[in-house]
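Subject: Structure handover

Hello,

Here is the structure for you to take over. Please open it first, then read the notes below.

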Protein chains: 2
Amino acid sequence: LAAEPSSSPEPVAGERFLAEIREQPDAIRSMLAYDREFALVARTMHERGASLVRMVGHGSSDNAASYGVYAFGLLPRWTALRDSITLTVYFRRGPDLSGSTVVALSQSGQTPDVVDYVERARAAGAFTVAITNDPSSELASAAEAMLPLAAGEEQAVAATKTYVNQLAALGLLAAHAAGRGTEFGEHLRATADRLAPLIDELKTRIPALALPFAFVGRMFVIGRGPEFATAREIALKLLETCRIAAEPLTSTDLVHGPIAALDSQFPVWTIASDDETLPGVLDAAERARAAGGTLVASGTAAHRVEGASCVVPVPSPTLSLCSPLLSVAPGQLFAWALARAKGLDPDRPNGLTKITLAR
Amino acid sequence: LAAEPSSSPEPVAGERFLAEIREQPDAIRSMLAYDREFALVARTMHERGASLVRMVGHGSSDNAASYGVYAFGLLPRWTALRDSITLTVYFRRGPDLSGSTVVALSQSGQTPDVVDYVERARAAGAFTVAITNDPSSELASAAEAMLPLAAGEEQAVAATKTYVNQLAALGLLAAHAAGRGTEFGEHLRATADRLAPLIDELKTRIPALALPFAFVGRMFVIGRGPEFATAREIALKLLETCRIAAEPLTSTDLVHGPIAALDSQFPVWTIASDDETLPGVLDAAERARAAGGTLVASGTAAHRVEGASCVVPVPSPTLSLCSPLLSVAPGQLFAWALARAKGLDPDRPNGLTKITLAR
């Protein structure tokens, strides 16, 4: 008798998204194989005197750029900004880009206006660097230098491992610019080692924590300093996969107005990390609780947030600036679990495709 | 017989907020009396070679700074950024601020970390400029130069006339830096002349338009380029006074993820202005409609947004860069009307005070 032809198994909702979350520690390690390329780009930034860093990207790439502001600000103490693509590409009369370094972030390397910006910046004399997961992409060709994310193919629409590797790449580049690249690489390796067991633990623990949020329609996610990037990225995951109106705010933004909208059905996810921003973050969380908001607390100092109804701490990294690589994981796994609890497939967000070709 | 002692009349909900919205055209005209001070500050920026502009502020002041990015980018073609207060004030080891101009925005002039940032920047050799509604404030003393908003006392917690004057101030300063201050002042005067009848018309027309939104809990507000400031400010008014989870996004942000959360109960307020950003904004609005979102359209090109269920156009200004001074008015009056329709008092947002003393 011939064997029954085996039909291909039904895909499980969120299986790609989860698989890529779990690949993150290895993705960080893979990127570190390109450490020499990062050192070379940093050396060129010095040689060209191009210490004003203009970062461009959309979605998760732009969220990672929020981390770059702090990585460059704290390590070489350079000014890094999320530059306006609109001025240069659409108005075609923005500021003079010569004398700066452009760091263009795109997972696919195909984002049209990011490629366009890089072409114009390069023609104007900027030192242009592409950080992309596709070394053969249009963006990689358009830029003078290319740094690979080396995260392996990312299939889920909602980015995870390429986001974490964008953080790692910006941190490593900033560290090399400060002459601390080798040390930072070791911190990244240690962070990857802590991320692997954290993801395993969260995968088991988070579904029960996420379930009570199945009927939540809106949320604020607050973080400050290097963790503002985490707040933006967690909010984006919740929007994309769980259809929650999640708005990222700095802890200061929250108390300058939006706090007026809070009630018990409007939770505030607080990312509390053990750095110089902690007093301000704890103060904002306390005000949110007093205003009737329900608190979710994550980060290395999650236990310091008083009265949180859901606490998801992450381990401390060996360098505080590496915290955002760990603190995004609770948000990724919360989004994975909550989407499934709501009957949504986190692998297939409504109306999105992996590459967005928008103006 | 003695006359009955008259008791002081009951305050009408939103009466201060409305009064200050109506004072906006006069507030712009009052600020223009200080044109020479703006010209002098611009000249000093040139003399000091301080063409990198670092703007700092919170809430509506930070929203106005988003406009400053475009005013400085398009007029003198200088790079202006919303700088990180956290790096300099909390980490105390941010980038070198010498050689830049710091523009500190605060209605009250009392925001603690903005004052702290200015003190550190001034000590580091930056040219520091305070733009404030209180010329005797701590911020005004801390900065090397002071430009008054001259909007008259603002009593409502939710800022209106000081926000519009912050736009006018940033535009006028940028125009003087480009040698076009006199011309820009005339455009501002013409804008004030168009704003007055617009406000009168909206006050009558908007309450009926706002009513169907009484049960809306979440909204996106999209704008791009100079109008991203408007998107941020309208969203903040809706959060503060109507308790709607309104998130501002650029039109590009919207299509890079958040669009997945839309349904018919999740309206997208689209600010469509007749400038280089219009094709991208119309494309994003069309995608939002296709995803099932309900559209509100405002701006000078509101009629170009297809399928909008609520259209609130504003007149074209004599210079496109002045559009944001007009296009914020529909959002202010929508917030005023909707708060009242929901039984809220826009003069008394929940848990807010006029001056926020937060870390």
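How many residues does each of chain B and chain A give to the contact? The contact takes 64 residues from chain A and 64 residues from chain B, where contact means heavy atoms within 4.5 Å.

Some ground rules. This is a predicted model, with local features needing pLDDT of at least 70 and side-chain atom pairs counted only at pLDDT 80 or more, while totals for chains, interfaces and linings use all residues. Residues are numbered from 1 along each chain as its sequence is written, chains are lettered from A and ligands numbered from 1 in the order in which they are written, and side-chain values use heavy atoms, without hydrogens and water.

**The interface**

About 5500 Å² is buried between chain B and chain A. That is the accessible area (1.4 Å probe) the two parts lose on being put together, summed over both. Carbon and sulfur atoms give 56% of this area.

The rule finds two salt bridges across the interface (a side-chain nitrogen of Lys or Arg within 4 Å of a carboxyl oxygen of Asp or Glu). One of the pairs is Arg224(B) with Asp113(A), whose closest N and O atoms are 3.4 Å apart.

There are 22 residue pairs in polar contact between the chains, both residues at pLDDT 80 or more. A polar contact is a pair of N or O atoms within 3.5 Å; within protein, one must be able to donate a hydrogen and the other to accept it, and residues adjacent in sequence count only if both atoms are side-chain atoms.

On the side of chain B that touches chain A, the residues divide into 30 nonpolar, 17 polar and 17 charged. Here Ala, Val, Leu, Ile, Met, Phe, Trp, Tyr, Cys and Pro count as nonpolar, Asp, Glu, Lys and Arg as charged, and the others, Gly among them, as polar.

**Cysteines**

The structure holds zero disulfides over all chains (cysteine sulfur atoms within 2.5 Å). Why does Cys242(B) have no bond to Cys310(B)? The sulfur of Cys310(B) is the closest cysteine sulfur to that of Cys242(B), but at 13 Å it is too far for a bond. Cys242(B) is buried, at 0% relative accessible area. Cys322(B) is also buried, at 0%. Buried means under 20%, exposed over 50%, partly exposed in between (1.4 Å probe, protein chains only).

**Ser98(B)**

Ser98(B) is partly exposed, at 34%. Its side chain makes a polar contact with the side chain of Asp96(B), at 3.0 Å. Not counting residues up to four places away in sequence, Ser98(B) touches Ala124(B), Gly125(B) and Ala126(B).

Best regards
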